[in-house]
Amino acid sequence: YQSVEQMSDTLQSSDADVSIPAGTQTRTLGSQELLMLPRQYKPSLDKGNAAFPQMSHCSTAILSSTPTVEVLSQAVDEAMASHPLLRCYVQGDGEPTKRTDLFQMVREGEPNPCTFVCPPLEETNFSSKNVLSIVDVEGDRDALDSSWKSKFATNIDSGSDWCNVNNGPLWKVELYRLSDGGKDSPCALMFTFNHAISDQGSANMVTDHIVSNMAAIEKDGSIKNKAVKKYVPIAMEDFILGLNKRFSDVNTDDFSLDTVKYVAGKAAEGFRSPVILPDDPNANDKEDGSGILGALTIISGNAPGGESGEERRSTAQFC
């Protein structure tokens with residue numbers, strides 16, 4: 001924790017011309033996070049092309065009983081107080097000082113890097129009111145599942161319509177509940193994150209945190225053992241290469257043979273055939289790319305659902 005705190009303090013002393021409240025945690029995004037955010041490619045934007053769509057990460061938990069909105073709100077607020085990335089936004093455009101090659105891909109300098117900004121609790125404007133929404137579903141358990149699954153498929157392809165990374169927050173949670181059900185009826189909690197702040201492990205942790213909070217509130221009336229207030233987790237490069245390093249700083253002496261083999265193996269995966277999971281094996285002529293014809297179109301190298309954020313279509317298989 002000490003090393004992460006020191007890193008956070010160092011990053012706060014950036015020369016960027018921005019106003020950041022005292023006590024704010026900041027960290028520049030790592031390479032993987034920049035892909036998921038994503039950092040935009042300005043030469044393409046200058047030509048009038050669409051911005052890269054953000055990558056959304058979705059996760060749903062089915063609960064055997066339905067909490068009240070008040071209990072769920074308290075549980076979410078306490079989780080946001082513990083995890084800084086649940087109340088963060090991104091500052092900086094990540095544009096280099098100059099691009100040094102013919103294709104404008106090689107970058108030099110980064111005066112205004114994309115940076116997570118996580119204000120202290122007393123300064124943040126984010127709470128459960130900013131991330132929580134309620135969806136009442138008419139019908140039975142099948143109707144409940146149909147409702148959240150439909151929105152799951154929508155959320156995983158969307159981004160700009162629910163999350164502005166420069167304003168935040170970078171996640172949301174939706175409670176799907178039966179309109180005529182009571183406390184003992186099932187419900188679904190669906191989480192949608194900008195993938196830069198989550199993977200499935202972190203989604204599991206946040207889900208467990210919130211559900212545990214709800215259990216504590218329903219049992220004791222409050223959360224008696226609140227979670228430790230955490231620091232912003234360090235980037236993947238920091239885990240691999242050491243604190244305050246990025247892949248752009250690495251030379252060949254920093255890589256072992258095993259690392260080279262691993263990277264080469266991951267690169268080779270791009271040449272393999274994609275795994276296709278059609279929604280409906282009988283729907284051969286669906287225009288959204290979810291049927292067998294769509295799968296064949298993908299294998300042929302085309303995108304049946306489009307390539308932009310508004311046109312992108314994923315095929316979801318629930319299990």
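The following exercises, with worked solutions, examine helices, salt bridges and cysteines in a predicted model.

Residues are numbered from 1 along each chain as its sequence is written, and side-chain values use heavy atoms, without hydrogens or water. Because the model is predicted, local features need pLDDT of at least 70 and side-chain atom pairs count only at pLDDT 80 or more, while totals for chains, interfaces and linings use all residues.

**Exercise 1. Helix α7**

Task: Determine the span of helix α7, which of its residues are buried, and what covers them.

Solution.

Step 1. Helices (H or I, at least four residues) and strands (E, at least two) are DSSP runs, numbered from the N terminus. Helix α7 comprises residues 200-220, 21 residues in total. The distance from its first C-alpha to its last is 30 Å, close to the expected 30 Å; the expected span is 1.5 Å times one less than the number of residues.

Step 2. Buried means under 20% relative accessible area, exposed over 50%, and partly exposed in between (1.4 Å probe, protein chains only). In α7 the buried residues are Ala203, Val206, Thr207, His209, Ile210, Asn213, Met214 and Ile217. They cover an arc of only 160° around the axis, which puts them on the same side of α7; the arc is that of the directions from the helix axis to the C-beta atoms. An α-helix has 3.6 residues a turn, so residues three or four places apart point the same way.

Step 3. Contact means heavy atoms within 4.5 Å. The elements covering the buried residues of α7 include β2 (56-63), α4 (69-82), β8 (171-178) and β9 (187-194).

Step 4. Just after the helix, Gly221 takes a positive phi of about 90°.

**Exercise 2. Helix α4**

Task: Establish how many residues of α4 are buried and what covers them.

Solution.

Step 1. The 14 residues of α4 should span 20 Å at 1.5 Å a residue, and the end C-alpha atoms are indeed 20 Å apart.

Step 2. Of these 14 residues, 10 are buried, so α4 is largely enclosed by the rest of the structure. Among them are Val71, Leu72, Glu78 and Met80.

Step 3. The cover over the buried residues of α4 includes α5 (128-131), β7 (132-137), β8, β9 and α7.

**Exercise 3. Salt bridges**

Task: State how many salt bridges there are, and describe those of Asp46, Asp145 and Glu95.

Solution.

Step 1. A salt bridge is a side-chain nitrogen of Lys or Arg within 4 Å of a carboxyl oxygen of Asp or Glu. By this rule there are nine salt bridges.

Step 2. Asp46 pairs with Lys42, the closest N and O atoms being 3.2 Å apart. Both residues lie in helix α3 (residues 42-46), four residues apart, about one turn of the helix. Asp46 is exposed at 55% relative accessibility, whereas Lys42 is partly exposed at 38%.

Step 3. Asp145 pairs with Arg141, with the closest N and O atoms 3.0 Å apart. These two residues lie in helix α6 (residues 141-157), again four residues apart. Asp145 is buried at 15% relative accessibility, and Arg141 is partly exposed at 37%.

Step 4. Glu95 forms a salt bridge with Arg99, the closest N and O atoms being 3.4 Å apart. Glu95 is buried, with 15% relative accessibility.

**Exercise 4. Cysteines**

Task: Give the number of disulfides and explain why Cys163 is too far from Cys88 for a bond.

Solution.

Step 1. A disulfide is a pair of cysteine sulfur atoms within 2.5 Å. The structure holds zero disulfides.

Step 2. The cysteine sulfur closest to that of Cys163 belongs to Cys88 and is 8.9 Å away, too far for a bond.

Step 3. Cys163 is buried, with a relative accessible area of 5%; Cys187 is buried at 0%.
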